[in-house]
Amino acid sequence: MSLLFEPITLRELSVPNRVWLSPMCEYSASDGMPNDWHLVHLGARAVGGFGLVLTEATAVVPEGRISPQDTGIWNDEQTDAWKRIVDFVHERGARIGIQLAHAGRKASTFRPWSTAQGTVPVADGGWPTLGPSPVAFPGYDTPAEMTAAHVADVPEQFAAAARRAREAGFDTVEVHAAHGYLLHQFLSPLANSRTDEYGGSADGRSRLVEETVAAVRSAWPDELPVLVRLSGTDWRDDGLGVDDVAAVAGRLSALGADLIDVSTGGVAPASIAVGPGYQVPYARRVREVSGLPVSAVGLISEPAQAEQILVEGSADAVMLGREALRDPYWPLRAAHILREKIGTLPVDSGVGMQPQYARAQWR
């Protein structure tokens with residue numbers, strides 16, 4: 001059997017294959033409410049054979065949104081709206097997770113296709129931002145430094161969101177501690193110049209991430225996994241390197257994290273050598289040092305490439321982002337290319353060709 005289409009079990013959650021949909025912001029919500037766009041975006045990838053479908057960065061509080069058009073999960077209405085989407089994905093045989101996020105100093109920004117860029121003014125629907133230190137991300141407003149009370153609130157904000165996620169029926173939660181958002185801001189010396197217990201040393205800078213993962217783990221059912229996305233490098237000599245991040249992952253393992261979703265960058269402008277699978281070596285190193293399962297992401301586009309990543313032991317699953325936007329049915333195509341049968345007709349416990357599409361099977 002192809003490793004790509006072998007099930008993987010995390011705690012008591014069995015995921016039918018190792019082709020997963022990476023979280024991707026859609027900038028299409030109003031007041032944090034997921035809608036038909038999100039149903040079709042996520043549902044189409046479940047129909048297309050992805051074993052685990054992850055939502056976009058979903059804010060745990062209103063001021064944690066990257067843009068005013070981000071989804072959230074801080075109230076009952078949002079929880080109910082997510083349940084509709086969760087139910088549809090489950091009906092297709094896939095599993096679904098929610099990425100819990102707070103953007104910190106990178107919040108309240110215009111969505112990418114807006115004619116304006118940078119921080120959205122309060123008069124135009126934006127809000128003042130917070131960060132570990134009054135250090136701006138280039139092109140954005142300078143955040144207010146978070147007080148001790150602000151910092152103390154963060155773990156419970158994530159935990160409360162996790163409880164709502166379970167009410168909605170999600171199978172897993174992912175704590176977003178990457179891409180220069182709030183938890184990554186605390187981790188990186190490029191954004192954190194605090195002198196209290198949440199700054200300074202590597203142990204101080206990782207304290208909030210550890211407290212947040214511990215709080216989410218306590219709020220989440222023991223039988224279901226907690227994932228964490230980390231940036232494996234800041235791509236700068238004065239920022240985090242992969243061994244720094246791998247050490248953090250090892251501490252998160254002891255706190256109940258079950259898999260590290262390894263991406264890179266985002267906390268500050270940097271020169272990045274981009275190419276096929278360019279982030280995979282960082283996933284492999286985090287896996288080696290932490291002992292945790294990992295997923296790899298970043299310009300993974302070909303079935304043989306994805307299979308090789310698993311065969312060589314660089315990762316336990318692969319995340320597809322841009323390729324999944326181009327081809328919502330990538331797993332079905334990959335199964336054909338690798339001559340792998342996934343699921344059955346009609347669909348039962350596995351993700352595969354949906355009965356409505358059975359006539360489209362390759363002969």
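Accessible areas come from the Shrake-Rupley method with a 1.4 Å probe; for residues, only the protein chains shown count as cover. The model is predicted: local features need pLDDT of at least 70, side-chain atom pairs count only at pLDDT 80 or more, and totals for chains, interfaces and linings use all residues. Residues are numbered from 1 along each chain as its sequence is written, and side-chain values use heavy atoms, without hydrogens and water.

**Exercise 1.** State what area the chain exposes and what share carbon and sulfur atoms supply.

*Solution.* The exposed area of the chain is about 13900 Å². Carbon and sulfur atoms supply 51% of that area. Of the 363 residues, 59% are buried (under 20% relative accessible area, 1.4 Å probe, protein chains only).

**Exercise 2.** Compare the radius of gyration of the chain with that of a compact globule.

*Solution.* The radius is taken over C-alpha atoms, and the globule rule is 2.2 Å times the number of residues to the power 0.38. For 363 residues the rule gives a value near 21 Å; the chain has 19 Å, which agrees. Along the principal axes, the C-alpha atoms fill a box of roughly 65 × 40 × 40 Å.

**Exercise 3.** Describe the surroundings of R194.

*Solution.* R194 lies in the loop between α4 (182-187) and α5 (202-205); helices are DSSP runs of H or I, at least four residues, numbered from the N terminus. R194 has a relative accessible area of 7% and is therefore buried. Its contacts (heavy atoms within 4.5 Å), not counting residues up to four places away in sequence, include P132, E145, F186 and G200. A polar atom of the R194 side chain lies 2.9 Å from the backbone oxygen of P132.

Terms used: Buried < 20%, exposed > 50% of the residue type's maximum accessible area, 1.4 Å probe, protein only. Helix = DSSP H or I, 4+ residues; strand = E, 2+ residues; numbered from the N terminus. Polar contact = N/O pair within 3.5 Å; in protein donor to acceptor, adjacent residues only side chain to side chain.
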